[in-house]
Amino acid sequence: MNAVLEPCIAFLPMKPADLDEVLAIECRVCPFPWGRGNFSDSMASGYKCRVCRVDGELVGYFVLMLALDDAHLLSISVRETRQRLGYGARLLHQAMKLARSEGATTLLLEVRPSNVKALAMYRHFGFQQIGVRRGYYPAEVGREDALVLTRALAEVSA
(Lines give C-alpha, C1' and ligand atoms only; values in the text may rest on other atoms or scores of the structure.)
Protein backbone atom coordinates (compact mmCIF):
# COMPACT_ATOMS: atom_id res chain seq x y z
CA MET A 1 0.00 0.00 0.00
CA ASN A 2 1.37 3.38 -1.02
CA ALA A 3 0.53 6.25 1.26
CA VAL A 4 0.26 9.60 -0.49
CA LEU A 5 0.61 12.50 1.88
CA GLU A 6 -1.56 15.48 1.12
CA PRO A 7 0.29 18.78 1.25
CA CYS A 8 -0.37 21.00 4.23
CA ILE A 9 -2.15 24.07 2.80
CA ALA A 10 -2.60 27.08 5.07
CA PHE A 11 -4.21 30.46 4.41
CA LEU A 12 -2.72 32.97 6.82
CA PRO A 13 -2.85 36.72 7.39
CA MET A 14 -0.05 38.43 5.49
CA LYS A 15 2.65 39.81 7.77
CA PRO A 16 5.51 42.22 7.10
CA ALA A 17 7.85 39.20 7.34
CA ASP A 18 6.10 37.72 4.27
CA LEU A 19 6.77 40.71 2.04
CA ASP A 20 10.09 39.57 0.54
CA GLU A 21 8.43 36.35 -0.67
CA VAL A 22 5.28 38.19 -1.79
CA LEU A 23 7.33 40.72 -3.76
CA ALA A 24 9.40 37.96 -5.38
CA ILE A 25 6.19 36.40 -6.70
CA GLU A 26 4.67 39.77 -7.63
CA CYS A 27 7.72 40.78 -9.65
CA ARG A 28 7.80 37.44 -11.52
CA VAL A 29 4.13 37.19 -12.48
CA CYS A 30 2.92 40.79 -12.86
CA PRO A 31 4.02 42.91 -15.81
CA PHE A 32 3.73 46.06 -13.67
CA PRO A 33 4.11 44.83 -10.08
CA TRP A 34 3.00 46.45 -6.87
CA GLY A 35 5.83 47.66 -4.67
CA ARG A 36 6.48 46.94 -1.00
CA GLY A 37 4.62 50.10 -0.08
CA ASN A 38 1.41 48.93 -1.77
CA PHE A 39 1.35 45.77 0.33
CA SER A 40 2.48 47.51 3.54
CA ASP A 41 -0.15 50.21 3.09
CA SER A 42 -2.83 47.58 2.42
CA MET A 43 -1.97 45.77 5.65
CA ALA A 44 -1.82 49.05 7.60
CA SER A 45 -5.21 50.09 6.19
CA GLY A 46 -6.83 46.93 7.52
CA TYR A 47 -7.40 45.30 4.15
CA LYS A 48 -7.73 41.53 4.29
CA CYS A 49 -4.31 40.39 3.06
CA ARG A 50 -3.73 36.64 3.00
CA VAL A 51 -0.95 34.30 1.93
CA CYS A 52 -1.23 30.67 0.93
CA ARG A 53 1.52 28.41 2.18
CA VAL A 54 1.94 24.83 1.00
CA ASP A 55 4.21 22.82 3.27
CA GLY A 56 5.66 26.16 4.38
CA GLU A 57 6.32 27.53 0.87
CA LEU A 58 4.51 30.76 0.05
CA VAL A 59 2.71 29.96 -3.21
CA GLY A 60 0.28 32.86 -3.51
CA TYR A 61 -1.58 35.73 -1.91
CA PHE A 62 -4.51 38.08 -2.22
CA VAL A 63 -5.47 41.56 -1.04
CA LEU A 64 -9.15 42.22 -0.38
CA MET A 65 -10.69 45.60 0.46
CA LEU A 66 -14.08 45.67 2.19
CA ALA A 67 -16.45 48.62 1.93
CA LEU A 68 -19.96 48.35 3.35
CA ASP A 69 -21.50 45.27 1.74
CA ASP A 70 -19.05 45.09 -1.18
CA ALA A 71 -15.60 43.58 -1.43
CA HIS A 72 -12.96 44.54 -3.98
CA LEU A 73 -10.23 42.04 -4.86
CA LEU A 74 -7.26 44.32 -5.40
CA SER A 75 -4.58 41.72 -6.03
CA ILE A 76 -4.27 37.95 -6.37
CA SER A 77 -1.22 36.04 -7.60
CA VAL A 78 0.28 32.57 -7.61
CA ARG A 79 3.96 31.68 -7.82
CA GLU A 80 4.86 30.99 -11.45
CA THR A 81 5.98 27.40 -10.74
CA ARG A 82 2.68 26.66 -8.92
CA GLN A 83 0.29 28.00 -11.56
CA ARG A 84 -2.20 25.67 -13.26
CA LEU A 85 -2.30 23.46 -10.12
CA GLY A 86 -5.47 24.87 -8.56
CA TYR A 87 -3.89 27.32 -6.13
CA GLY A 88 -5.38 30.36 -7.87
CA ALA A 89 -8.83 28.80 -7.55
CA ARG A 90 -8.19 28.02 -3.87
CA LEU A 91 -7.06 31.59 -3.23
CA LEU A 92 -10.07 33.02 -5.04
CA HIS A 93 -12.42 30.75 -3.11
CA GLN A 94 -10.78 31.83 0.17
CA ALA A 95 -11.17 35.49 -0.81
CA MET A 96 -14.85 34.94 -1.58
CA LYS A 97 -15.43 33.09 1.71
CA LEU A 98 -13.61 35.78 3.68
CA ALA A 99 -15.56 38.56 1.97
CA ARG A 100 -18.84 36.75 2.68
CA SER A 101 -17.91 36.15 6.32
CA GLU A 102 -17.21 39.89 6.67
CA GLY A 103 -20.70 40.73 5.38
CA ALA A 104 -20.00 41.45 1.73
CA THR A 105 -22.72 40.50 -0.71
CA THR A 106 -20.71 41.05 -3.90
CA LEU A 107 -17.09 40.77 -4.97
CA LEU A 108 -15.69 43.14 -7.59
CA LEU A 109 -12.38 42.93 -9.43
CA GLU A 110 -10.54 44.26 -12.45
CA VAL A 111 -8.58 42.08 -14.85
CA ARG A 112 -6.54 42.73 -17.98
CA PRO A 113 -8.22 41.34 -21.10
CA SER A 114 -4.76 39.97 -22.00
CA ASN A 115 -4.67 37.90 -18.77
CA VAL A 116 -6.43 34.98 -20.39
CA LYS A 117 -5.70 32.46 -17.59
CA ALA A 118 -7.11 34.72 -14.87
CA LEU A 119 -10.11 35.67 -16.97
CA ALA A 120 -10.95 31.99 -17.57
CA MET A 121 -10.71 31.27 -13.83
CA TYR A 122 -12.98 34.19 -12.93
CA ARG A 123 -15.55 33.11 -15.50
CA HIS A 124 -15.37 29.54 -14.16
CA PHE A 125 -16.28 30.96 -10.72
CA GLY A 126 -19.30 32.77 -12.16
CA PHE A 127 -17.96 36.31 -12.45
CA GLN A 128 -19.78 38.49 -14.97
CA GLN A 129 -18.44 41.54 -16.75
CA ILE A 130 -20.22 44.74 -15.76
CA GLY A 131 -17.95 47.31 -17.34
CA VAL A 132 -14.64 48.43 -18.77
CA ARG A 133 -12.19 50.90 -17.25
CA ARG A 134 -10.46 52.51 -20.22
CA GLY A 135 -6.69 52.86 -19.92
CA TYR A 136 -6.69 51.44 -16.39
CA TYR A 137 -3.44 49.45 -16.52
CA PRO A 138 0.03 50.51 -17.65
CA ALA A 139 1.21 48.54 -20.68
CA GLU A 140 4.43 48.15 -22.65
CA VAL A 141 3.01 50.68 -25.09
CA GLY A 142 0.38 53.06 -23.74
CA ARG A 143 -2.30 51.73 -21.43
CA GLU A 144 -4.52 48.63 -21.30
CA ASP A 145 -8.19 48.58 -20.42
CA ALA A 146 -9.50 46.66 -17.41
CA LEU A 147 -12.54 44.45 -17.53
CA VAL A 148 -14.66 45.01 -14.43
CA LEU A 149 -16.13 41.76 -13.14
CA THR A 150 -18.49 41.02 -10.27
CA ARG A 151 -20.06 38.07 -8.57
CA ALA A 152 -22.76 37.73 -5.93
CA LEU A 153 -21.58 36.00 -2.76
CA ALA A 154 -24.96 34.84 -1.44
CA GLU A 155 -24.29 31.14 -2.08
CA VAL A 156 -20.67 31.20 -0.87
CA SER A 157 -20.47 29.53 2.53
CA ALA A 158 -18.78 31.67 5.16
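Mentor: Before we look at any residue, keep one definition in mind: a residue is buried when its relative accessible area is under 20%, exposed when that area is over 50%, and partly exposed in between. Remember also that this is a predicted model.

Trainee: With that in hand, why is Arg82 called buried?

Mentor: Arg82 has a relative accessibility of 19%, and because the limit for buried is under 20%, Arg82 counts as buried.

Trainee: And why does Glu57 count as partly exposed?

Mentor: The relative accessibility of Glu57 is 28%, a value that is neither under 20% nor over 50%, so the term in between applies.

Trainee: What makes Glu57 and Arg82 a salt bridge?

Mentor: The closest N and O atoms of Glu57 and Arg82 are 2.5 Å apart, and since the rule asks for a side-chain nitrogen of Lys or Arg within 4 Å of a carboxyl oxygen of Asp or Glu, the pair qualifies as a salt bridge. Glu57 belongs to strand β3 while Arg82 sits in the loop between β4 and α3, so this bridge ties together parts that are 25 residues apart in sequence.

Trainee: Which other residue forms a salt bridge with Glu57, and how do you know that it counts?

Mentor: Arg79 does, with its closest N and O atoms 3.2 Å from each other, and because the limit is 4 Å, this pair is a salt bridge too. Here the loop between β4 (70–78) and α3 (87–101) holds Arg79 and strand β3 (residues 57–67) holds Glu57, so the parts joined are 22 residues apart in sequence.

Trainee: How many salt bridges does this rule give?

Mentor: The count comes to eleven, and one of them joins the side chains of Glu155 and Arg151 at 3.0 Å, N to O. Glu155 is exposed at 55%, since exposed means over 50%, whereas Arg151, at 14%, is buried. Elsewhere, Asp18, Glu21 and Arg53 are joined into one network by salt bridges that share partners.

Trainee: Let us turn to rings; why is the pair of Trp34 and Phe39 called tilted?

Mentor: The whole structure contains four aromatic pairs, and in this one the centres are 5.0 Å apart and the planes make an angle of 55 degrees. Because centres must lie within 6.5 Å, and because an angle that is neither under 30 degrees nor over 60 counts as tilted, the rings pair and the pair is tilted. Ring pairs also link Tyr61 with Trp34 and Phe39 in a cluster.

Trainee: Are Trp34 and Phe39 buried, partly exposed or exposed, and what makes them so?

Mentor: Trp34 has a relative accessible area of 22%, so it is partly exposed, while Phe39 is buried because its value is 0%.

Trainee: Which residues carry the feature "active site" in UniProt?

Mentor: The unreviewed UniProt entry lists Glu110 and Tyr122 under that name, and the lining of the largest pocket includes both Glu110 and Tyr122. Glu110 is in strand β5, and Tyr122 is in helix α4.

Trainee: What makes Glu110 and Tyr122 buried?

Mentor: Their relative accessible areas are 11% for Glu110 and 5% for Tyr122, and since buried means under 20%, the word fits each of them.

Trainee: What makes the link between the side chains of Glu110 and His72 a polar contact?

Mentor: The two side chains are joined at 2.7 Å, and because the limit for such a pair of N or O atoms is 3.5 Å, the distance agrees with the name polar contact.

Key:
Residues are numbered from 1 along each chain as its sequence is written. This is a predicted model: local features need pLDDT of at least 70, side-chain atom pairs count only at pLDDT 80 or more; totals for chains, interfaces and linings use all residues. Side-chain values use heavy atoms; hydrogens and water are left out. Rings of Phe, Tyr and Trp (its six-membered ring) pair if their centres lie within 6.5 Å; planes under 30 degrees apart count as stacked, over 60 as edge-to-face and the rest as tilted. Buried means under 20% relative accessible area, exposed over 50%, partly exposed in between (1.4 Å probe, protein chains only). UniProt positions are given in the numbering used here, feature names are shortened, and annotations may be inferred rather than shown by experiment. On a 1 Å grid over the protein atoms alone, a cavity is a set of points where a 1.4 Å probe fits but cannot get out, and a pocket is an open set with protein on both sides within 12 Å along at least five of seven lines; lining residues have an atom within 4 Å of a point. Helices (H or I, at least four residues) and strands (E, at least two) are DSSP runs, numbered from the N terminus. A polar contact is a pair of N or O atoms within 3.5 Å; within protein, one must be able to donate a hydrogen and the other to accept it, and residues adjacent in sequence count only if both atoms are side-chain atoms.
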